[in-house]
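Q: Please pick one packing contact in this model and go through it closely. Then work outward from there, so I can see what it connects to.

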Amino acid sequence: AVAPPSSGKKRQRTDSASAAADAPISAAAVAAGSGNYLVDAAAEYLRVWDADRAAWKFKKNRQTWLLKNMWHPGMVRGPSFVLLLRYLEGLKGAARQKTLEQAQKILDEGLEEGGGIAAGGNGDAAAKSVGLAGSADPVAVEKQRKVTEKLRRIRFSRADALARLLC
């Protein structure tokens, strides 16, 4: 079989493929890493930005990944989030506005729950949202409720820090 003639245009890579294809991260970052290439690459990107601006190079894919995943502590860990806050001080334009809107939405959702996040909340909605309400194992329901509430509090505190920074 003969392949159809090429149109001469290169296929564009997807965001995840582009992010993964960016320059490799340092061996030290891999050794101390999480096992997730994108998490480690984002942490290394922020570390180099903070420590060695001359060696740092802007990467749109890394910034986009960070902006999409900054709310989850498993994707952007505490030390990286501190660096991310400093990095985002220089954020401009539509990305700054969108990030501020996301932070405000998270803050509004937390406050609409009757102070649920700020005050701890009751977590019933958390159990229902993951399909554990009515489960035969109350220990699993309680464990999931605690994990969900912890993630909500972290999201809320991150949104609060970002809103204060970007306003």
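A: Let's start where α3 meets α5. In this predicted model, the α3 side of the contact consists of Ala 43, Tyr 45, Leu 46, Arg 47, Trp 49 and Asp 50, and the α5 side of Ser 80, Leu 83, Leu 84, Arg 86 and Tyr 87. Sort those residues by class and you get seven nonpolar, one polar and three charged.

Now the geometry. α3 covers residues 37-51 and α5 covers residues 78-88, and the two pack at an angle of about 55 degrees with their axes 9 Å apart. That angle makes α3 oblique to α5, since it falls outside the 65 to 115 degrees that count as roughly perpendicular and is not under the 35 degrees needed for roughly parallel. As for handedness, α3 passes α5 in a left-handed crossing.

α3 has another partner in α4. Here Tyr 37, Leu 38, Val 39, Ala 41, Ala 42, Tyr 45 and Leu 46 of α3 meet Arg 62, Trp 65 and Leu 66 of α4. Tyr 45 and Leu 46 are thus on the list for α4 as well as on the one for α5. By class, the contact of α3 with α4 has nine nonpolar residues, one charged and no polar ones. The axes of α3 and α4 come within 10 Å and cross at roughly 110 degrees, so this pair counts as roughly perpendicular.

Between α4 and α5 there is a loop, and Met 75 sits in it. With a relative accessibility of 25%, Met 75 counts as partly exposed. Setting aside neighbours within four places in sequence, Met 75 is in contact with Asn 36, Val 39, Trp 65 and Asn 69. Val 39 and Trp 65 also turn up in the contact of α3 with α4. The C-alpha atom of Met 75 is 8.5 Å from that of Leu 38, although the two are 37 residues apart along the chain.

Next, follow α5 inward. The largest nonpolar core has 27 residues, and the members that touch the most other members are Leu 66, Met 70, Leu 84, Leu 88 and Leu 162. Two or more core residues come from each of α3, α4 (60-69), α5, α6 and α9. α5 gives the most, with six. Leu 84 is also part of the contact with α3 that we started from.

Leu 85, also in α5, takes us over to another stretch of the chain. Beyond four places in sequence, Leu 85 is in contact with Ala 161, Leu 162 and Leu 165. The C-alpha atoms of Leu 85 and Arg 158 are separated by 9.3 Å, with their positions 73 residues apart along the chain. Seen from the other end, Leu 162 is in contact with Met 70, Trp 71, Phe 81, Leu 85, Leu 88, Thr 99 and Ala 103, again leaving aside neighbours within four places.

Thr 99 on that list belongs to helix α6 (residues 93-112). Thr 99 is buried, with a relative accessible area of 2%, and it touches Leu 67, Met 70, Trp 71, Leu 91, Leu 162 and Leu 166, not counting residues up to four places away.

That brings us to α6 and α9. The axes of α6 and α9 (residues 138-166) come within 8 Å and cross at roughly 135 degrees, so these two helices are oblique to each other, given that roughly antiparallel would need an angle over 145. α6 passes α9 in a left-handed crossing. The residues involved include Thr 99, Leu 100, Ala 103 and Leu 107 from α6, and Phe 156, Ala 159, Leu 162 and Leu 166 from α9. The full contact has eleven nonpolar, two polar and three charged residues.

Gln 97 in α6 is partly exposed, at 42% relative accessibility. Its C-alpha atom is 8.4 Å from that of Leu 166, which is 69 residues away along the chain.

Finally, zoom out. The protein has nine helices and zero strands. Buried residues make up 34% of its 167 residues. Among contacts with a separation of 6 or more, 63% join residues 24 or more positions apart.

Note on methods:
Residues numbered from 1 in each chain as written. Predicted model: local features only at pLDDT ≥ 70, side-chain atom pairs only at ≥ 80, totals over all residues. Heavy atoms only, no water. Axes fitted to C-alpha atoms, helices over the stretch in contact; angles between N-to-C directions. Helix = DSSP H or I, 4+ residues; strand = E, 2+ residues; numbered from the N terminus. Left-handed = near helix turned anticlockwise from the far one by under 90°. Contact = heavy atoms within 4.5 Å. Nonpolar A, V, L, I, M, F, W, Y, C, P; charged D, E, K, R; others polar. Buried < 20%, exposed > 50% of the residue type's maximum accessible area, 1.4 Å probe, protein only. Core = buried A, V, L, I, M, F, W, Y, C linked by side-chain atoms within 4.5 Å.
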